[in-house]
Amino acid sequence: MTDKGDQRSDTHLEGEKYGTPRSYDPHFRGPVVNRSCTDVLCCMIFILFIMAYILLGLAAWVNGDPRRVAYPTDSQGYFCGQKGTPNENKSILFYFNLLTCTSPSVVVNLQCPTTQICVSKCPERFLTYMEIQFKYKNDSEYWTYYSQFCRTTFLKPAETLSQVLLDNDCPSAIYPSKPFLQRCFPDFSTKNGTLTVGNKTVFDDGSGKTRNAAELRRAANGINKALDARAIGVKVFEDYAMTWYWILIGLTIAMFLSWMFVMLLRFTAGLLFWIFTFGVIGIIAYGIWRCYLEYSRLQEQPSSRLNAYTIGIQTDISMYFRLKQTWFALMIILCLLELFIILMLIFLRNRIRISIALLKEGSKAIGYLPSTLIYPALTFFFLSVCISYWAVVALYLATSGAPIYKVIAPQGHCEHENKTCDPVGFNTTEVAKACPGAQCHFAFYGGKSLYHQYITTFQLLNLFVFLWLINFVIALGQCALAGAFASYYWALKKPDDIPPYPLFTAFGRAIRYHTGSLAFGSLILAIIQMFRLILEYLDKRLQEAQSNISKFLKCCLRCCFWCLEKAVKFLNRNAYVMMAIYGKNFCKSARDAFNLLMRNILKIAVMDRVTDFVLILGKILVAGCIGVLAFLLFTERLPVIIEGPTSLNYYWVPLLTVIIGSYIIAHGFFSVYAMCIETIFICFLEDLERNDGSAEKPYYMSQSLMKIMNKRNAETKKQ
């Protein structure tokens with residue numbers, strides 16, 4: 001009777017208004033085996049969306065052409081370097097006048113309002129069309145070299161400069177360039193601190209004007225940095241080629257350390273928590289002592305009469321640390337924080353003990369079900385398939401359609417600018433006469449069919465279904481793991497009563513009976529994430545036109561959607577646990593999980609904080625250990641023990657790769673552990689509400705938990 005009274009009072013204190021424990025089936029002995037399909041309508045909708053997604057991929061595959069991304073496109077919309085075309089041996093795009101790229105009419109994807117042709121190599125010298133007309137008479141080799149950068153083949157440079165510029169047949173000038181991303185860009189270099197192009201600081205642009213390298217650099221819009229980035233990329237690739245096997249060894253060690261940490265938590269969870277807790281208390285106590293010393297020191301100085309009102313608002317924050325009031329305020333804040341932590345430890349000590357016991361129980365459960373640690377690899381495979389399919393569909397959709405040409409005016413002053421045009425005979429049209437110098441250039445790929453008109457809609461659909469599938473894969477993993485760990489908890493005699501292949505069985509149940517429910521929960525989360533992405537997109541597009549009020553509302557909306565997403569993820573995860581145990585639909589499982597958690601809100605708060613601390617500490621510990629070993633190896637500081645790679649360009653490249661990879665591996669292991677703890681915790685709360693320790697309703701919790709909760713089973717009492 002005492003145990004029941006303790007249980008009722010604890011429940012009422014923590015969540016009285018969220019309902020009382022329900023009357024459960026007295027014959028309950030673990031996850032329900034005989035169950036029916038849930039949320040069938042949502043399952044059908046999910047299957048229809050997947051079929052539509054497959055059809056969308058097929059349509060994009062038929063209409064799209066990824067070569068349009070792999071190959072640069074000239075002003076006529078033809079690919080450079082494509083086999084079976086006249087441009088097969090001309091794989092580099094050449095700009096007639098790169099200086100026009102500073103015009104307001106510059107479009108995306110390196111498109112400039114100047115003629116672009118495909119060439120076999122970039123120019124290597126300075127030459128102008130006017131120079132060619134004079135030098136051709138003495139040496140035809142000059143024209144032979146220059147003509148390969150012209151759109152039309154001429155036997156000799158007979159046209160005047162104005163006629164050439166009007167017909168866009170040849171560039172007015174060429175200068176030394178380098179191929180980058182299959183495009184010719186200026187060959188910048190620095191000589192004695194001065195920017196040069198082909199060892200020249202000034203050059204003739206072909207129209208009689210003298211230009212300098214700085215103007216060309218502004219026109220290239222940071223291409224020099226991109227060239228430097230390319231050189232860095234080559235060095236990074238060399239470092240990866242030299243250290244890839246060491247990286248694999250480091251990631252393997254990280255996997256082993258993660259497994260060891262999870263296993264050792266059975267013995268070290270309590271020690272880690274109390275070391276951290278008392279460490280925090282000690283650090284805060286030192287801060288209080290330090291603040292008191294600074295306050296006493298400033299109290300004795302003549303400037304002690306200064307205060308915040310005297311010095312006013314200062315941009316130099318260090319000025320405020322010269323005031324005794326600042327140190328006094330910090331001391332009061334730290335004292336209150338210290339008192340709060342101590343009181344929390346005193347009044348919540350029993351719940352902290354429960355949390356630590358659950359952490360140990362989770363480590364024991366994974367020890368009995370080691371196959372669960374392999375499941376993140378399956379989740380990674382499913383996620384990789386979803387991401388790859390989304391990327392391919394997005395690529396094919398972006399390259400669907402026929403070439404679209406637009407009117408481009410170099411000066412940006414033309415009423416017909418950005419209108420669709422036909423490059424064939426454009427110079428004889430009324431648009432060319434109304435806008436002298438305007439050109440008809442390739443802009444993008446599109447069309448007038450119904451399919452091409454809804455490309456943007458299809459891209460949004462592609463993104464939405466991608467988010468839905470990603471969340472479904474994660475939900476499937478959570479439900480399968482929850483079912484496996486629930487089978488462990490509800491086994492009265494562990495490990496004898498654990499059913500065979502619990503993870504495989506739970507995965508099959510989730511797919512067979514709860515696809516609709518998992519799709520329902522994933523749909524809610526995908527809608528929220530879609531709204532967040534749309535909000536971010538609108539923020540980027542309307543950033544310059546926003547007022548202070550709109551910026552404030554935007555921040556509020558972003559904060560609300562972020563909080564909503566976190567809350568839905570938490571509720572969904574617990575709903576999947578209830579679903580794995582009782583086999584109910586999503587709404588009923590979410591309701592039952594919410595009521596159960598609200599009746600035990602203090603236990604939830606303490607459990608989450610303790611679990612988060614242990615998992616974060618574990619991730620940092622694994623990544624830190626591997627990082628230290630990798631640092632000593634890649635900086636050649638372990639020659640006596642082991643000889644690592646030598647002559648690395650950037651040792652931090654493989655080092656960061658190993659650290660980030662180790663953290664991701666540890667996160668995969670600890671995500672399983674976190675799901676294990678959450679499932680065991682839900683089952684523990686259900687066990688407390690369902691059973692009373694009698695022979696008919698024995699407790700399923702471990703002996704350590706029974707001892708903490710002051711519970712005993714009838715068989716134990718008889719003994």
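Okay, one definition before anything else: when I say buried, I mean under 20% relative accessible area. And keep in mind that this is a predicted model.

Let's start with the cysteines. How many disulfides does a search of the whole structure find? It turns up 3.

Take Cys122 and Cys184, where the S to S distance is 2.1 Å. By the definition I just gave, Cys122 and Cys184 are both buried. The torsion about their S-S bond is about -95 degrees, so this disulfide is left-handed. Cys122 sits in the loop between S2 and strand S3 (127–128), while Cys184 is in strand S6 (residues 183–186), so the pair ties together parts that are 62 residues apart in sequence.

Next, Cys80 and Cys118, joined with S to S at 1.9 Å. That link is left-handed, with -75 degrees about the S-S bond. It connects distant parts of the chain, with Cys80 in the loop between helix H3 (67–70) and S1, Cys118 in strand S2 (residues 116–119), and the two positions 38 residues apart. Cys80 and Cys118 are both buried.

Then there's Cys150 with Cys170, sulfur atoms 2.0 Å apart. Left-handed or right-handed? Right-handed, because the torsion about the S-S bond is about 115 degrees. Here Cys150 is in the loop between helix H5 (141–147) and helix H6 (161–167), and Cys170 is in the loop between H6 and S4, 20 residues apart. Cys150 and Cys170 are buried too.

What about cysteines outside these pairs? Cys560 is in no disulfide, and its nearest cysteine sulfur, on Cys559, is 5.7 Å away. Cys676 is in no disulfide either; for that one the nearest cysteine sulfur belongs to Cys683, 9.7 Å off. Cys676 counts as buried because its relative accessibility is 0%.

Now, cavities. The count is 5 of 30 Å³ or more, and the largest cavity holds about 80 Å³ of space. Which residues line that one? Among them are Phe94, Tyr95, Phe96, Pro123, Ile174 and Cys184. So we meet Cys184 again, the disulfide partner of Cys122. Strand S1 (92–95) and strand S4 (173–174) each supply at least two of the lining residues. The lining divides into 9 nonpolar residues, 1 polar and no charged.

Last stop, Asn471, which is in helix H15 (residues 455–489). Buried or exposed? Buried, because its relative accessibility is 7%. Leaving aside residues up to four places away in sequence, Asn471 touches Ser522, Leu525, Ala526 and Gln529.

That's my tour; over to you.

Definitions and conventions:
Residues are numbered from 1 along each chain as its sequence is written. This is a predicted model: local features need pLDDT of at least 70, side-chain atom pairs count only at pLDDT 80 or more; totals for chains, interfaces and linings use all residues. Side-chain values use heavy atoms; hydrogens and water are left out. Helices (H or I, at least four residues) and strands (E, at least two) are DSSP runs, numbered from the N terminus. Buried means under 20% relative accessible area, exposed over 50%, partly exposed in between (1.4 Å probe, protein chains only). Contact means heavy atoms within 4.5 Å. On a 1 Å grid over the protein atoms alone, a cavity is a set of points where a 1.4 Å probe fits but cannot get out, and a pocket is an open set with protein on both sides within 12 Å along at least five of seven lines; lining residues have an atom within 4 Å of a point. Grid points are joined across faces, edges and corners, and a volume is the space filled by probe spheres set on the points. Ala, Val, Leu, Ile, Met, Phe, Trp, Tyr, Cys and Pro count as nonpolar, Asp, Glu, Lys and Arg as charged, and the others, Gly among them, as polar. A disulfide is a pair of cysteine sulfur atoms within 2.5 Å.
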